[in-house]
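Work through the exercises below with the model open in a viewer. Each task is followed by a solution in steps.

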Amino acid sequence: MTFYYSSKDKNAETKIKNTLKLMIEEKLPLYTHIVLLCIGTDRITGDSLGPLVGDRLQSSVFCPVYGTIHNPVHAKNLKHALSAINRRGKPLVIAVDAALGVHTEHITVADEGVRPGTAIGKSLPTAGAISITGIVGSDSPSGMRVLQNTRLAVVMDMSDIIAGAVSSAISEIEQMSFYAV
């Protein structure tokens, strides 16, 4: 199931956190730990959402974060990153990526993986058991041009919301686990 939240909604971060927390709580018993996979590149404004979120999360969560501005996970190294992640137990991977679609400036939370590169015609492996996408522009045949011309303000605002929601959801789950022991 996929949930859509407007990035303009003043309560978007809380709504996303609550949805994400429920999805994590439902899936976590099947996994050994949580890993965050933030997909994208800093070379294309619209596609920098994932690395920006990764940068923000790196210092606020206690789980591994793959994909930051300085060390992005993108089309050329995604398979290698997935291989490295899967070598360490059975992780619950939460994938974050930019997307193009009808509901621009909305953030989605889905209980399934993300298919990176779809908007620009790339065939890459599905990533994650839970996905969060920021719809940074309209889907069109010229997807790469849309990503290149996306306003940085849109990407920055979405990255703040997503990072805050993910950090809060994981923090609440860690606190519950700590007190349950």
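**Exercise 1. The chain as a whole**

What percentage of the 181 residues in the chain is made up of buried residues? Then describe the order of the elements and the overall dimensions.

Solution.

Step 1. The model is a predicted one. Buried residues account for 49% of the 181 residues, where buried means under 20% relative accessible area.

Step 2. The chain holds five helices and six strands. Read from the N terminus, the elements follow the order β-α-β-α-β-α-β-β-β-α-α. The radius of gyration is 15 Å, close to the 16 Å from the globule rule for 181 residues, so the chain is as compact as a globular protein of that length.

Step 3. The C-alpha trace spans about 50 × 35 × 30 Å along the principal axes of the chain.

Step 4. Take the contacts between residues at least 6 apart in sequence: 74% of them join residues at least 24 apart.

**Exercise 2. Two helices and their buried residues**

Determine which residues of α3 and α2 are buried, and what the buried residues of α3 pack against.

Solution.

Step 1. Helix α3 covers residues 78-86, and its buried residues are Leu78, Ala81, Leu82, Ala84 and Ile85. These residues lie on the same side of α3, because they cover an arc of only 160° around the axis.

Step 2. The general geometry is as follows: an α-helix has 3.6 residues a turn, so residues three or four places apart point the same way.

Step 3. Lys79 and His80 are exposed on the other side of α3.

Step 4. The packing partners of the buried residues of α3 are β2 (33-38), β3 (65-66) and β4 (91-100).

Step 5. Helix α2, residues 49-58, is mostly covered, with seven of its 10 residues buried. Those seven are Leu49, Gly50, Pro51, Leu52, Val53, Gly54 and Leu57.

**Exercise 3. Pro91 and Cys63**

Locate Pro91 and Cys63, classify their accessibility and list their contacts beyond four places in sequence.

Solution.

Step 1. Pro91 belongs to strand β4. Its relative accessible area is 7%, so Pro91 is buried.

Step 2. Not counting residues up to four places away in sequence, Pro91 touches Tyr31, Thr32, His33, Val35, Ile85 and Asn86. One of these, Ile85, is also among the buried residues of α3.

Step 3. The C-alpha atoms of Pro91 and Thr32 are 5.6 Å apart, although 59 residues separate the two in sequence.

Step 4. Cys63 sits in the loop between α2 and β3. With 13% relative accessibility, Cys63 counts as buried.

Step 5. Under the sequence filter of up to four places, Cys63 touches Ile34, Leu36 and Ile170. Cys63 and Ala81 are 18 residues apart in sequence, with 15 Å between their C-alpha atoms.

**Exercise 4. A backbone angle**

Which sign does the phi of Glu105 have? Describe its surroundings as well.

Solution.

Step 1. The phi of Glu105 is positive, about 60°, although Glu105 is not a glycine.

Step 2. Glu105 is placed in the loop between β4 and β5 (106-110). Its relative accessibility of 23% means that Glu105 counts as partly exposed; the cut-off for buried is under 20%.

Step 3. Neighbours within four places in sequence aside, Glu105 is in contact with Tyr5, Ser6, Ser7, Lys8, Ile135, Val154 and Met158.

Step 4. Lys8 is 97 residues from Glu105 along the chain, yet their C-alpha atoms are separated by 7.6 Å.

**Exercise 5. The largest pocket**

Give the volume of the largest pocket and describe its lining.

Solution.

Step 1. The volume of the largest pocket is about 810 Å³. It is lined by 38 residues, and those closest to its centre are Asp97, Ala98, Pro116, Gly117 and Thr118.

Step 2. The elements giving two or more residues to this lining are β1 (2-6), β4, β5, β6 (130-137) and α4 (143-148). The most comes from β4, with four residues.

Step 3. By class, the lining residues of the largest pocket divide into 18 nonpolar, 11 polar and nine charged.

Step 4. Thr118 is located in the loop between β5 and β6. Thr118 counts as partly exposed, at 48% relative accessibility. From Thr118 to Ser140 there are 22 residues in sequence and 11 Å in space, C-alpha to C-alpha.

Definitions and conventions: Residues are numbered from 1 along each chain as its sequence is written. This is a predicted model: local features need pLDDT of at least 70, side-chain atom pairs count only at pLDDT 80 or more; totals for chains, interfaces and linings use all residues. Side-chain values use heavy atoms; hydrogens and water are left out. Buried means under 20% relative accessible area, exposed over 50%, partly exposed in between (1.4 Å probe, protein chains only). The arc is that of the directions from the helix axis to the C-beta atoms. Contact means heavy atoms within 4.5 Å. On a 1 Å grid over the protein atoms alone, a cavity is a set of points where a 1.4 Å probe fits but cannot get out, and a pocket is an open set with protein on both sides within 12 Å along at least five of seven lines; lining residues have an atom within 4 Å of a point. Grid points are joined across faces, edges and corners, and a volume is the space filled by probe spheres set on the points. Ala, Val, Leu, Ile, Met, Phe, Trp, Tyr, Cys and Pro count as nonpolar, Asp, Glu, Lys and Arg as charged, and the others, Gly among them, as polar. The radius of gyration is taken over C-alpha atoms; the globule rule is 2.2 Å times the number of residues to the power 0.38.
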